[in-house]
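I opened this model to look up one strand, its neighbours and the main pocket, and I kept short notes as I went.

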Amino acid sequence: MGYSTPSHKQICVPETLLKKRKTIEKTDAQKAQDASQAAKEKRDIRKIIFKKADTYIKEYRQRENDDIRLRRQAKNKGHFYIPAQPKLLFVIRISGVNDLNPKVKKVLQLFRLLQTNNGVFVRVNKATMEMLQIVEPYVTYGSPNLKTVRELIYKRGYAKVKGQRLAISDNQIISDNLKQFGIICIEDVIHEIFTVGEHFKQVNNFLWPFKLSNPNGHKKVSWKPRKSKHYVEGGDAGDREFDINKLIQSMN
């Protein structure tokens, strides 16, 4: 009678190692599930962003069409069409570094215009217009159009997060800081600024003051000799209305 021998040896795995394997498998499964959920949320958010952008485009076109229609109606009746007063201004600091009047210095600080060629969006109201009168020799401003607002934010837009200047590299930084206001993407930011929306203040404060280049064909000192002259007198300072768009184009 012979003896049978096993074809292979049975290997006993320590219980601690089995528990560790199970934990790793569970963790990996959870990571895969989280990644899948995150990908789904990104796809959903992307759809929402596309839908919002489409809605905004339609709104902007409707505004343009309404403006054209009102102009035609006024012309047909022999009247003059006076468009609504702008609600948004873009203000650029053009001079004023040393020996500033304390009141002027304070207003420039309130506008966050700390350096020459800094620019900010400003909501038009009685208080801001009075402040602009105080600092008018040191700034130029006007009403930006949609193209200007969009290009400024896309090309020169930086976020202010916990006192730091951060590039707006993706929509996540916007969502992380403005989601509570329904602002989740750069098109939301553009729309809120251009239309001077309900949350204009929060969105504008989120944007770091714009750092613009010197105007094309200008030297660094080109602002200074004519700073005391108003724009309508051939100078640089003051309200240049819609001509601000040409200036920003040369500085962007």
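The entries below go from the whole chain to one strand and then to the pocket.

Entry 1, ground rules. I am working with a predicted model, in which local features need pLDDT of at least 70 and side-chain atom pairs count only at pLDDT 80 or more, while totals for chains, interfaces and linings use all residues. Residues are numbered from 1 along each chain as its sequence is written, and side-chain values use heavy atoms, with hydrogens and water left out.

Entry 2, the chain. I found eight helices and seven strands, taken as DSSP runs (helices H or I, at least four residues; strands E, at least two) and numbered from the N terminus. Of the 252 residues, 36% count as buried, that is, under 20% relative accessible area with a 1.4 Å probe, protein chains only.

Entry 3, strand S3. I looked up residues 139-142 and saw that Val139 and Tyr141 point one way and Thr140 and Gly142 the other, and that all are buried. In a regular strand the side chains alternate between the two faces of the sheet. S3 pairs with S1 (residues 88-93) in the antiparallel sense over four bridges, where pairing requires that DSSP finds at least two bridges between two strands; here Thr140 is the bridge partner of Ile92. With S7 (residues 238-239), S3 pairs in the parallel sense over two bridges, and Asp239 is the bridge partner of Tyr141.

Entry 4, the largest pocket. I noted that 30 residues line this pocket, with Ala84, Gln85, Pro86, Ser143 and Phe242 nearest its centre; a pocket is an open set of points on a 1 Å grid over the protein atoms alone, where a 1.4 Å probe fits, with protein on both sides within 12 Å along at least five of seven lines, and lining residues have an atom within 4 Å of a point. H1 (15-76), S1 and S3 each supply at least two lining residues, and H1 gives the most, with seven.

Note on methods. Buried < 20%, exposed > 50% of the residue type's maximum accessible area, 1.4 Å probe, protein only.
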